[in-house]
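Me: I should like to learn how to read the features of a protein structure. Could we work through one example together, step by step?

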Amino acid sequence: MFTKQEILDALAMPWPAFQAAFAAPAKAAWRARGDVMQGVAMIGFSNVCRNQCLYCGMRAGNTALPRYRLTASQVRELAQGARQQGFGRLFLISGEDPRHNFAPLLEMVAAAAGMGLRLTLACGEYEPAQYQELKAAGAAEYVVKFEMSNPASFNRLNPSTSFAARMAAIEAVQRSGMLLASGNIIDWPGQTLDELAEDILLTARLQVSWAPVVPYLPAANTPLAQEGGRGSVELALREIALLRLMLPQADITGGQPGEDMRNGFSDRQGNLNALAAGANVLFADLLPAPLADDFRVTDHRAVQGLAHLQEMAALSGMQLRLD
Ligand code: SF4
């Protein structure tokens, strides 16, 4: 575990020095564990959300976004497709829509678990008993991002909930027996390095199974997009390396953007840089194209399919694993 001052120094040092002191050792640590790139199939099964997070393109106030909800049987079909492609892990993600989502979600989880898929969910804040139901239905892991560890910043940027409620949800997931995935948004407009260091420390303290960390990317029709542009890709690489050294076994998102936003989270160089800094997870989007365009947490979200994962494995020299 690094101290806060060590993290602050690492975030501020020149990039070549950071690479030698942190990024290279982080990659070496992952190599020592077999250098596996984990491919995960992903289905954004609904983009309906009741919340108003200031940074998110799927916030309820974005009336320009066409909305959709897939049925449990549509998700079952897509999950079968994932199985046929060889995927053993499935990530089901949606906006926070608990009144409509919960019953179908239980059905989706039971069906996919019945196919032998290991399931990760990210569907927002539920009651503690509901996390237990999801665990009982077969879910292995649940994502509740704390987004920002500073309570005042969280409460301003996430006005539909509170930092206390978010941390309570995180504890409820841990108590449910599901693995906890959590993390932050990196370099949102106005974030200080001090706040980022605290975010990194909180991610490590939570001992997350997966750190779904990405730099802030603006989304059209959102209040935060008026306050500033995209976050630093380089700061994201620094966080990835620091987390790899603090959480040697955790999954860390390698689906990172590059400097050219048009390639979204499947940017070749962005992905390769993240994998070289110690990240290990890439997603394959199973949503049909028109719906994938509407699963718009950020603009330019583009996530590609299995062929992209195979290409990244070949270019990075990592061993691609889908099970
Ligand atoms: S970040 Fe999640 S909870 Fe917040 S508006 Fe977007 S989809 Fe809804």
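Reply: We begin with the idea of contact: two residues are in contact if their C-beta atoms, placed from the backbone, lie within 7 Å. Please keep in mind that this is a predicted model.

Me: Which residues does glutamate 227 touch, not counting residues up to four places away in sequence?

Reply: Glutamate 227 touches Pro189 and Gly190. Its own place is in the loop between β8 and α9. The C-alpha atoms of glutamate 227 and glutamine 191 are separated by 11 Å, and these two residues are 36 residues apart along the chain.

Me: Does glutamate 227 count as buried, exposed or partly exposed?

Reply: A residue is buried if 20 or more other C-beta atoms lie within 10 Å of its own, exposed if 12 or fewer, and partly exposed in between. Glutamate 227 has 14 C-beta neighbours inside 10 Å, so it counts as partly exposed. Proline 223 lies in the loop between β8 (214-215) and α9 (233-246), and with 14 other C-beta atoms within 10 Å it is partly exposed.

Me: What is the separation in space between proline 223 and alanine 12?

Reply: Their C-alpha atoms are separated by 29 Å, and the two residues are 211 residues apart along the chain. A further pair is glutamine 310 and alanine 165, which are 145 residues apart in sequence and 40 Å apart in space, C-alpha to C-alpha. Glutamine 310 belongs to helix α12 (residues 306-316) and is partly exposed, with 15 other C-beta atoms within 10 Å.

Me: How should I read the packing of two helices?

Reply: Two packed helices are described by the angle between their axes and the distance between the axes. Here helix α4 (residues 98-114) and helix α5 (residues 128-137) pack at an angle of about 25 degrees, and their axes are 8 Å apart. Angles under 35 degrees count as roughly parallel, so α4 is roughly parallel to α5. On the side of α4 the contact is made by Phe102, Leu106, Val109, Ala110 and Ala113, and on the side of α5 by Gln130, Glu133, Leu134 and Ala137. By class, this contact has seven nonpolar, one polar and one charged residues.

Me: Which residues that are not glycine have a positive phi?

Reply: Aspartate 35 is one of them, with a phi of about 55 degrees. It sits in the loop between α2 (15-32) and β1 (36-46) and is partly exposed, with 16 other C-beta atoms within 10 Å. Aspartate 187 has a positive phi of about 65 degrees. Its place is in the loop between β6 (185-186) and α8 (193-205), and aspartate 187 is buried, with 22 other C-beta atoms within 10 Å.

Me: Which residues are around the ligand?

Reply: They are Cys49, Asn51, Cys53, Cys56, Met58, Arg59, Gly95, Glu96, Gly124 and Val297. By class, this shell has five nonpolar, three polar and two charged residues.

Me: How many helices and strands does the whole protein have?

Reply: The protein has 12 helices and 11 strands. Its radius of gyration is 18 Å, close to the 20 Å that the globule rule gives for 323 residues, so the protein is as compact as a globular protein of that length. The C-alpha trace spans about 50 × 40 × 40 Å along its principal axes. Of the 323 residues, 49% count as buried. Among contacts between residues at least 6 apart in sequence, 77% join residues at least 24 apart.

Note on methods:
Residues numbered from 1 in each chain as written. Predicted model: local features only at pLDDT ≥ 70, side-chain atom pairs only at ≥ 80, totals over all residues. Axes fitted to C-alpha atoms, helices over the stretch in contact; angles between N-to-C directions. Helix = DSSP H or I, 4+ residues; strand = E, 2+ residues; numbered from the N terminus. Parallel < 35°, antiparallel > 145°, perpendicular 65-115°, else oblique. Nonpolar A, V, L, I, M, F, W, Y, C, P; charged D, E, K, R; others polar. Near = placed C-beta within 6 Å. Rg over C-alpha atoms; globule rule 2.2 N^0.38 Å.
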